[in-house]
Every structure is written in C-alpha cells, then in structure tokens.
Amino acid sequence: MGRRIAEHIGRRLGQRGQTLFANLKGTQHIAMPLIIEIDGDTAYVRVMLHAQYHLPNVRGGPVQTMIGYYDNWLVRTEMGWKITKMVQTITWNEGNWYIVEKAAGLSE
C-alpha cells in the first residue's frame, strides 16, 4: 500500500513529485485510516501519515521524516473507489529538509 500511496502522491504532484521519488535512495510511507465515513457512493477518509525519505548528502543527515495526515474525499465508480480530492496536512517535520529539496530538483 505504501508504494501505491507514494505513486499516487507523485502523480498528484506531477513531474516534480515523480522527480522527487525517483531521486531518493529510499522512501517509506506508513498510512493508516483513522476515520472512514461512507455515505452512499461518496466517502471521507482521514489517513495518518508517517513518511521518511533517505538520501545521503553533504548538507546534513540522510533522513527527513514528516508526520501528519491526509484528508481524502472519494466517489464510488464502476471501477471501485476513486479519490476525488486529497489534502495533506503536515503536523511536524524532523531531520534534513534539504533531502526533499535536492531530490525534487529545487536545490543543488
């Protein structure tokens, strides 16, 4: 599930997100549903997020960790449930933020 979430986030972020995940040496996303509310063919799901990124570099430690949650709104289709809107809220960060900037191509 973690890889699918990372791929989904990468698609939602477009080329910058794909570049980020392609340039990291490692990534782990742990996501766990905290709230699930279904109303017919629509649903709301809040998912706890624990994301870690690994990239050895010359500007500090090799790990960046983000903790927060995703609010997701879904609709049921003939192909199953599809996310129509996703909002990410980061409640705290720890580690070397440069890793994310470098992997995304925003810093040298």
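## Salt bridge between Asp41 and Arg76

In this predicted model, the side chains of Asp41 and Arg76 form a salt bridge, with a nitrogen-to-oxygen distance of 2.9 Å. The two partners come from distant parts of the chain, 35 residues apart: Asp41 sits in the loop between β1 (26-39) and β2 (42-54), while Arg76 belongs to strand β3 (residues 63-77).

Neither end of this contact falls into the buried class, because that class is limited to residues under 20% relative accessible area. Asp41 has a relative accessible area of 46% and is partly exposed, and Arg76, at 41% relative accessibility, is likewise partly exposed.

## Salt bridge between Arg46 and Asp71

A search of the whole structure finds two salt bridges, and the other one joins the side chains of Arg46 and Asp71, with 2.7 Å from N to O. Arg46 lies in strand β2 and Asp71 in strand β3, so this pair ties together parts of the chain that are 25 residues apart in sequence.

How accessible is each partner, Arg46 and Asp71? Arg46 counts as partly exposed at 24% relative accessibility, whereas Asp71 counts as buried at 9%. The classes differ because the boundary between buried and partly exposed is drawn at 20% relative accessible area, with Arg46 at 24% and Asp71 at 9%. As general background, side chains of opposite charge can pair when their charged atoms come close.

## The four-stranded sheet

Four strands make up an open sheet, arranged in the order β1-β2-β3-β4 with antiparallel pairing. Strands β1 and β4 (80-95) are the edges of this sheet, each pairing on one side only, and the twist from one strand to the next averages 20 degrees.

Strands β2 and β3 run antiparallel and are joined by 13 bridges. Within this part of the sheet, Ala51 stands opposite Met66 in β3. The strands β2 and β3 are also those that hold Arg46 and Asp71, respectively, so the side-chain contact of that pair accompanies the pairing of the two strands.

## A nonpolar surface patch

Which residues make the nonpolar patch on the surface? Met32, Leu34 and Ile35 together form this patch, with an area of about 260 Å². One of them, Leu34, is found in strand β1, which is an edge strand of the sheet.

Leu34 has a relative accessible area of 49% and is therefore partly exposed, since the exposed class requires a value over 50%. Leu34 nevertheless qualifies for the patch on accessibility, because the cut-off for patch residues is over 30% relative accessible area.

Note on methods: Residues numbered from 1 in each chain as written. Predicted model: local features only at pLDDT ≥ 70, side-chain atom pairs only at ≥ 80, totals over all residues. Heavy atoms only, no water. Salt bridge = Lys/Arg side-chain N within 4 Å of Asp/Glu carboxyl O. Buried < 20%, exposed > 50% of the residue type's maximum accessible area, 1.4 Å probe, protein only. Patch = residues over 30% accessible without salt bridge, like charges linked within 9 Å, V, L, I, M, F, W, Y side chains within 5 Å. Areas by Shrake-Rupley, 256 points an atom, 1.4 Å probe, with all protein chains shown as cover. Pairing = 2+ DSSP bridges. Axes fitted to C-alpha atoms, helices over the stretch in contact; angles between N-to-C directions.
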